[in-house]
Amino acid sequence: MLKVDQVCTGYGRVQVLRGASLTVDGGEFVGLFGPNGHGKTTLLRLISGLLPVWTGTILFDGTEIKRHSPGPLLRQGLVHVAQGNTLFKNMTVGENLALGAFASGWRERHQRMDRVLSIFPKLAERRKQLASTLSGGERQMVSIGIGLMSEPKMLMLDEPTLGLAPKIREELSQTIRSLAATGVTLMIVDQDLEFLQMSTQRSYLLEGGRIVLETDLSKEISDTEILKHYFGSPA
Amino acid sequence: MASGLSIVWSVTRVFNFAHGSYIMLGAYFAWSLIDIGQPLLIAGIGAVVGTGLIAVVYEIVLIRPLLKSESAILMVSVTTLAAAMININSAQMIWGPRVKQIPRLANGTIEIFNTAVGTQDIVIAVVAPAAIVVLAAFLRLTRLGFALRAVEQNHDLSRLIGIAPKLAYSVTHAVSGALAGFAGFLLGAVVTVVPTMGNDPLLKAFIVVVLGGLGSITGTVVGAYAVGFVIAISQYTLGLYWTPVVLFFILIIILAFRPTGLLGDRK
């Protein structure tokens, strides 16, 4: 489904990614973790067309992504749910979700919204409420819901647990696992290894702009190797 | 008029000082169409479409290249002021210095509570709020309206869901220009059509938009009525020349206590 091969990119002259490679197969739930400032969000922004590819290749569904804008990628079925509860705060939950179908499927937005609300029953009650009045967990659900409204083949979530209480985090993980039934492919970027372990099948560790480790996290959650990547070698 | 200025601010975060001259252009377009024998309806449509197109051209040629600049607000303000001067002087060259007048949509006066009110004034009092209702419906119910509101609220997320911000900017300026053109068409029957006829409405619209809260359409409507009442009362009691002083005094007092205007976004 997605094949990222030796990509480099950055902001202006500052290089962030230095030859990162990973693959995600159709229907798979894959995690991406690593220390702050090492390029996790940059990789997502690159894949979703917000940043240009300097070198390397990205193949999505067999087509190479070179310098697309997000619009055409979205119509191909690749959706990026951005970090930090970004919503249209002065619009209702329903309006936020409707906008998710802006690029593809505007006419079917009502039917799609019913489907998305069946995944997030909590949001159904809040359909007419302004997004700014929602709790952190609810906002995250709306963010994912916006992504699902375009009926994507692949969804990329950037730090969905940011600022969430542990209980809400567990609920969110359950909801994410329930997405498997929709057949969507998922990539989750998060700092929270426990959350990734609950929600994904395997994960990549991104450090210094490169993928340095692939793990299923189940055996290795306390692995010294991961700790070493986060905190450096023990003295 | 003020609502056009307000949506441009809320979507693109720049202030368009050429907006007043769009009113004047709308009035001249309407006058020219009537001059060659077209009916009022065609003149009105011509004013709306012509001014809308000019606004889009200005957006693409003058405003868009400056938006990436760090001091975009300042640069766009200065550039649009220059555009206003170009418009005013071009109008002077094209249509000459002689004053013109658009025929009224309705003639005569109607007596309301022992006061004679011009029928045209009543037409404006009915049509202007209707235009706002149409604008609100456009923003709330259409796909394009949704897109404009989305860009206004969250630029990055709008891009991620596939809205092209450039298109949204152009549409915003088109709508704003069209509203100004329509205002010019209505106003040209009440005041004389001269190249500087947009200056006074621009000043009032500026006060209305800032008072009501930048970017808030509801605030703009509330601001418009508030300013209208203040002007009426001040002109009756203090006279014409003191009215701007009173208006700005009230504006300063309100901004001192509510820096984002009456209904503006409190960020």
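Reader: Let's start small. Which residue of β4(A) stands opposite A:C8?
Author: In this predicted model, A:C8 has A:T55 of β4(A) opposite it.

Reader: What makes β1(A) and β4(A) a pair, and in which sense do they run?
Author: Two strands need at least two bridges to count as paired. β1(A) and β4(A) share 5 bridges, so they qualify, and the sense is antiparallel.

Reader: How do you know that β4(A) and β5(A) pair?
Author: By the same kind of count. There are 2 bridges between β4 (residues 55-60) of chain A and β5(A), and the cut-off is at least two, so the pair counts. These strands run antiparallel, and A:F60 stands opposite A:T63 of β5(A). β4(A) and β5(A) form a hairpin with 2 residues between them. In that turn, A:D61 has a positive phi of about 55°.

Reader: Which strands make up this sheet, and why are two of them called edges?
Author: The sheet is open and has 4 strands, in the order β2-β1-β4-β5 (chain A), with antiparallel pairing. β2 (14-24) and β5 (63-64) of chain A each have a single partner strand, so one side of each has no neighbour in the sheet. That is what puts these two strands at the edges.

Reader: Which helix packs on this sheet, and what does it touch?
Author: α1(A) does, touching β1 (2-11), β2 and β4 of chain A. The direction of α1(A) makes about 70° with that of β2(A).

Reader: What else does α1(A) lie across?
Author: Helix α1 (residues 40-47) of chain A also lies across β3 (29-33), β6, β7 (154-158), β8 (185-189) and β9 of chain A. Against β7(A), the helix runs at about 150°.

Reader: In what order do the strands of that other sheet come, and what makes its edges edges?
Author: This open sheet of 6 strands has the order β6-β7-β8-β3-β9-β10 (chain A), and its pairing is mixed. β6 (78-81) and β10 (210-215) of chain A are the edge strands, as each pairs on one side only. On average, neighbouring strands here are turned by 20° against each other, direction ignored.

Reader: How do you know that β9(A) and β10(A) pair?
Author: Bridges again: at least two are needed. β9 (residues 202-207) of chain A has 5 of them with β10(A), in the antiparallel sense, so the pair is in. One bridge puts A:Y204 with A:E214 of β10(A). Helix α6 (residues 136-148) of chain A packs on this sheet too, touching β6 and β7 of chain A. The direction of α6(A) makes about 165° with that of β6(A).

Reader: Is A:G37 called buried or exposed, and why?
Author: Exposed. A:G37 has 10 C-beta neighbours inside 10 Å, and 12 or fewer means exposed, so the label fits. A:G37 is in the loop between β3 and α1 of chain A. Its C-alpha atom is separated by 9.1 Å from that of A:G209, which is 172 residues away along the chain.

Reader: Over in chain B, how does the reach of α2(B) fit what is expected at 1.5 Å a residue?
Author: Helix α2 (residues 19-35) of chain B has 17 residues and reaches 25 Å from first C-alpha to last, close to the expected 24 Å. Just after this helix, B:G37 takes a positive phi of about 95°.

Reader: What makes you call α2(B) mostly covered?
Author: Buried takes 20 or more other C-beta atoms within 10 Å, and 15 of the 17 residues of α2(B) are buried.

Reader: What links the two domains of chain B?
Author: Contacts: 16 residues of domain 1 of chain B with 14 of domain 2 of chain B. Domain 1 covers 2-195 and domain 2 covers 198-267. α1 (2-12), α2 and α5 (119-141) of chain B each give two or more residues to the domain 1 side. That side divides into 9 nonpolar, 6 polar and 1 charged.

Reader: And how many residues of chain B are in contact with chain A?
Author: 15, against 18 of chain A. α6 (143-153) and α7 (155-160) of chain B each supply at least two residues of the chain B side, and α6(B) gives the largest share, 6 residues. By class, the chain B side has 8 nonpolar, 3 polar and 4 charged residues.

Methods:
Residues are numbered from 1 along each chain as its sequence is written. Chains are lettered from A and ligands numbered from 1 in the order in which they are written. This is a predicted model: local features need pLDDT of at least 70, side-chain atom pairs count only at pLDDT 80 or more; totals for chains, interfaces and linings use all residues. Axes are lines fitted to C-alpha atoms, for helices over the stretch in contact, and angles run from 0 to 180 degrees between N-to-C directions. Two residues are in contact if their C-beta atoms, placed from the backbone, lie within 7 Å. The expected span of a helix is 1.5 Å times one less than its number of residues. Ala, Val, Leu, Ile, Met, Phe, Trp, Tyr, Cys and Pro count as nonpolar, Asp, Glu, Lys and Arg as charged, and the others, Gly among them, as polar. Domain bounds come from an automatic or database domain assignment.
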